[in-house]
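The following explanation is meant for a reader who is beginning to study protein structure. Please keep the sequence and the model in view while reading.

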Amino acid sequence: MSEAIIALLREDMKGEHQAIVQYLRHAYALGETPEAAEIEAIAREEMRHFHWLADAIVELGGDPTMERPPVDELQDAPSVQMLKDADLEQHGIDQYRDHIERIDDPKIRRLLSRILHDELVHKGEFAKFAEELDGQPAPAQAEGEATGQGPSARLAEILNQGVRHEYSVVLQYLYHAFMTPDKEPAEEIEDIAINEMQHLGWLAEELFEKGADAKFEHGELVLSDDLIRNLKADIAIEREVTEDYSEQLPELDEEGLVALVERIRDHEIDHTTVFQYLLDEAKEKRSTETAEPPKDDDEPKGPPKPPSIGSLVSRG
Amino acid sequence: MSDYLLREDAPISPETWAKIDEMVVTVARKNLVGRKVLEIAGPLGWGVGQAPIFGFGLSDDAWVAEAPQYTDLKEIAAEFTLKAQHLAMAEQTPYGLDLGAVAMATLKVTAEEDGIVVDGLKSKAKGPMPLGDWTVMGEPFAAVAQGIARLRKAGIDEPYALILSPLKYAQLASLMQHGRRELAMVESVVKGGVHPYVAMPDDQVLLVGAASWNADIVLGQDIVTAYLGNEGLDHRFRVFETLVLRVKRPECVCVLA
């Protein structure tokens, strides 16, 4: 019976994930407007739903999903985008009603009812936004393509690499946090995931401001239930992206963008330190529990590849 | 690559290696001046021992690279020792491993690299052109502008970079009148940056046309740490690199003195 419930909740998680990404893209495309701020607030509520569903799945002994269906391609006028969001909410509403009918567990039913209430409110809000935005033209990146304005291909590539990385680590770290039974490391990992969400937002907003699209695609994720394995993967990806950002900095001309990427890069260095501390603690705990030295089959047996210093030229 | 550097033979953990490497990179990035001015060709690898320097000339009304001259890359190095007792202390106490010796060795390598680059540039410089009094508002900008004019006349275009002593930099930075900062005015025409360099004499300033077709630095092995082996219970390491300065157009350097 649990497996059937877990399967339904995983479908709900996919829906929430789809909503988060779609709503954030629509908000970023609207720029600094009151509607964008309200849509971002709705996206944050969907993130809470995503978290609650993941916790429920883990409590049942299952495995949260990081998959999602495709999102809207941003080719329509804002009012049409809002109607699509309202449709997405309606799809969620229908799904939650169906799942509530099919699930006996009272705790899960209460959870889904709580979420359903929010989705009903969201649908109304998107309908209101559709009226408010009626008459506005299609997104800026279409205009950018027409006028030839917009970022250089290389700048868009750099920023989208950042978006891809940040989106990947948000999903990876959230999964690790969900699957970690100990409160302290779970909270630390989730804090870092939230910081990565900030990075994702900053970089995506830069792209949209410059008239380009932020492609919310992720790379390969390490999703296991072994804390030590997860933390090693997290350290590795932080080191890799720190190096990437450092190498890309000299290619950026805009002072504000350099400061932003430096800030993000320095956060990633802090994350590495936190993950390393958590890893040391986890290894010590495991060796105490098993009274044997932890097996480090995944750990590289030799020293790390030495980093290159390279060019320090900043042409700006 | 690690095999040649004997890094796997060092009886220290990958985490300790990462801290050593991070110290080397951090100190090098903070202190290197030449690499902030000139572009890098490479790293090409430790096995590369020579680099070609091409001259250019007109043949049949077309610009063409002439037969290159090959110049040797120089290896510069400094060593440090990690005492076994200190490694044990790092494992058994909360104090961690003090990497000051790593920083000192890296500083020596960076100082030597910059010596090669800056002295090499100076040796090619024409001039000198008048430096003026850098305690008087307007004189630094005038001196730099005249230097740029000479470079432009010789066909050297932007970006230009300035290398000067910390004292000269302090003099430049302290000049302000009616809200105008002399440093900002100089930086507006020297897009390659104004770079303090500790070994620069106080009575000289170097102006360089910093585009890669004028001059660059060829790296064979970028700064890296190798393991040399144990001395008793202690462990010796070498921080080293190989490089050469290529000045392709000597007219790209101007000394103000």
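The paragraphs below treat chain A, then chain B, and then the contacts and cores.

The structure is a predicted model, and every value given here was computed from it. Chain A contains 9 helices and 0 strands. Read from the N terminus, the elements of chain A therefore follow one another as α-α-α-α-α-α-α-α-α, according to how helices and strands are assigned. Of the 316 residues in chain A, 38% are buried. Among contacts in chain A with a separation of 6 or more, 77% link residues 24 or more positions apart.

Helix α3 of chain A, residues 78-102, serves to begin the tour. This helix has 25 residues, and the distance from its first C-alpha to its last is 36 Å, close to the 36 Å expected at 1.5 Å a residue. Which residues of α3(A) are buried? They are Pro78(A), Gln81(A), Met82(A), Asp85(A), Leu88(A), Glu89(A), Gly92(A) and Tyr96(A). A general property of helices is useful here: an α-helix has 3.6 residues a turn, so residues three or four places apart point the same way. The buried residues of α3(A) pack against two other helices of chain A, namely α1 (2-30) and α4 (106-132).

A second helix of chain A, α7 (residues 183-209), can be examined in a similar manner. Its 27 residues should span 39 Å at 1.5 Å a residue, and because its end C-alpha atoms are 39 Å apart, the expected and computed values agree. Just after α7(A), Gly211(A) has a positive phi of about 85°. On the other side, the loop between α6 (153-179) and α7 of chain A holds Asp182(A). Why is Asp182(A) classed as partly exposed? The reason is that 13 other C-beta atoms lie within 10 Å, and a residue counts as buried at 20 or more such atoms and as exposed at 12 or fewer. Asp182(A) and Leu227(A) are separated by 45 residues in sequence, while their C-alpha atoms are 9.7 Å apart in space.

Chain B has both kinds of element, with 8 helices and 16 strands. Its 257 residues include 37% that count as buried. For contacts in chain B with a separation of 6 or more, residues 24 or more positions apart account for 79%.

One open sheet of chain B has 5 strands in the order β7-β16-β12-β8-β11, and its pairing is mixed. The edge strands of this sheet are β7 (126-129) and β11 (194-196) of chain B, each of which pairs on one side only. From one strand to the next, the twist averages 25°. Within the sheet, β8 (residues 160-164) and β12 (residues 205-209) of chain B pair in the antiparallel sense over 5 bridges. Leu164(B) has Val205(B) as its bridge partner in β12(B). Helix α5 (residues 100-124) of chain B packs on the sheet, where it touches β8, β12 and β16 (253-256) of chain B, and its direction makes about 85° with that of β12(B).

Strand β13 of chain B, residues 215-219, deserves separate attention. Because 5 of its 5 residues are buried, this strand is largely enclosed by the rest of the structure. Both of its faces are covered: Ala215(B), Ile217(B) and Leu219(B) are buried on one side, and Asp216(B) and Val218(B) are buried on the other. β13(B) pairs in the parallel sense with strand β1 (residues 40-41) of chain B over 2 bridges, and Val218(B) is the bridge partner of Ala41(B). β13(B) also runs antiparallel to strand β15 (residues 234-247) of chain B, to which 5 bridges join it. There, Val218(B) has Val244(B) as its bridge partner.

Finally, the explanation turns to the interface and the cores. Between the chains, 13 residues of chain A are in contact with 23 residues of chain B. The side of chain A that touches chain B has 8 nonpolar, 4 polar and 1 charged residues.

The largest nonpolar core has 69 residues, and Val24(B), Leu121(B), Leu162(B), Ile163(B), Leu207(B) and Val208(B) have the most contacts inside it. Helix α2 (residues 14-31) of chain B gives the most to this core, with 7 residues. Apart from this core lies another, of 60 residues, which includes Met66(A), Phe178(A), Ile189(A) and Ala212(A).

Technical notes. Residues are numbered from 1 along each chain as its sequence is written. Chains are lettered from A and ligands numbered from 1 in the order in which they are written. This is a predicted model: local features need pLDDT of at least 70, side-chain atom pairs count only at pLDDT 80 or more; totals for chains, interfaces and linings use all residues. Helices (H or I, at least four residues) and strands (E, at least two) are DSSP runs, numbered from the N terminus. The expected span of a helix is 1.5 Å times one less than its number of residues. Two residues are in contact if their C-beta atoms, placed from the backbone, lie within 7 Å. Two strands pair if DSSP finds at least two bridges between them. Axes are lines fitted to C-alpha atoms, for helices over the stretch in contact, and angles run from 0 to 180 degrees between N-to-C directions. Ala, Val, Leu, Ile, Met, Phe, Trp, Tyr, Cys and Pro count as nonpolar, Asp, Glu, Lys and Arg as charged, and the others, Gly among them, as polar. A nonpolar core is a set of buried Ala, Val, Leu, Ile, Met, Phe, Trp, Tyr and Cys residues joined through C-beta atoms within 7 Å.
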